[in-house]
Amino acid sequence: MDPLVLTKREDLRLIDLFNQEQVATAPGILNLCLTCGTCAGGCPATGVDGWDMRKAVRAVLLGLEQELIDSKFPWVCTLCGRCEHACPMHIDLVRLIRTARWLRPRDKVPGVLHKGVEMCLKTGNNVGIPQEDFLFLMEDVGAELAEELPGFSVPIDKKGAKFLLTINSKEPFGEPEDMKFWWKILSAANESWTTTSDNWEGVNWGLFTGDDEAMKEVVRRIVENYKKLECEYLLLPE
Ligand code: SF4
Ligand code: SF4
């Protein structure tokens, strides 16, 4: 598996990163902010550590972006997009938050999120389940379901299946019974489907850590499987 080359973060500034993709259409888009506060009004994270989205935008414009990056605010934001939807100036506020997350050094990313990203890049899933164990589990849980649905087995790498089903690794890791719900639904609908023997992780933690390069790589692998197996639809667990 090729190592992922992460973007260097030295000398990066949030406002430059934020604006670089907007330059062609809306230079200095953060400057469009009216300080109306509509973004903060409906945000569930407003007030955490004394921050809100209006203040975040102001901080970046005033050169105080490091204070935002070091704060809890970008990490308690749910990325729900409500602020952005409400903003009368259509500022890309979710990307602002994801960029602030990205500028946090990786060893300061809260919880296990970055470790999960690294693990997914290395092993194909966030918790590092080896392929052999995964295939054994699929066979085992599939055999349990066969007691209820005679003839059932988990289709792996089935070419031409209509649906490619990705999996949330927390299920094979700790809640394998939950996988049966999807399998039962697809069986009841009499749909053809498959999952894959590698890169089956459907939860992309690069989204949450602001790591676009990692996120793209995980998506690329899923799309590669999807094309290789000639599926029609892709199902993501979250
Ligand atoms: S995306 Fe984040 S900042 Fe915006 S409304 Fe949702 S929680 Fe609040
Ligand atoms: S809603 Fe938009 S214009 Fe109003 S304060 Fe928030 S970012 Fe600025």
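**Exercise 1. Find which exposed residues sit on the face of helix 13 turned away from its buried side.**

Solution. That face carries Arg220, Val223 and Lys227. Exposed means 12 or fewer other C-beta atoms within 10 Å of a residue's own, buried means 20 or more, and partly exposed is in between, with C-beta atoms placed from the backbone. Helices are DSSP runs of H or I with at least four residues, strands are E runs of at least two, and both are numbered from the N terminus.

A quick note on the input: this is a predicted model, where local features need pLDDT of at least 70, side-chain atom pairs count only at pLDDT 80 or more, and totals for chains, interfaces and linings use all residues. Residues are numbered from 1 along each chain as its sequence is written, while chains are lettered from A and ligands numbered from 1 in the order in which they are written.

**Exercise 2. Work out which residues of helix 13 are buried, and what they pack against.**

Solution. Start with the list: Ala214, Glu217, Val218 and Asn225 are buried. They cover an arc of only 95° around the axis (taken from the directions from the helix axis to the C-beta atoms), so they lie on the same side of helix 13. Next, the partners: helix 8 (113–123), strand 1 (163–165) and helix 12 (205–209). Contact here means C-beta atoms, placed from the backbone, within 7 Å.

**Exercise 3. Say which helix gives the most to the shell around ligand 1.**

Solution. Helix 6 (82–86) and helix 7 (93–102) each supply at least two residues. Helix 7 gives the most, with three.

Technical notes. Contact = placed C-beta atoms within 7 Å.
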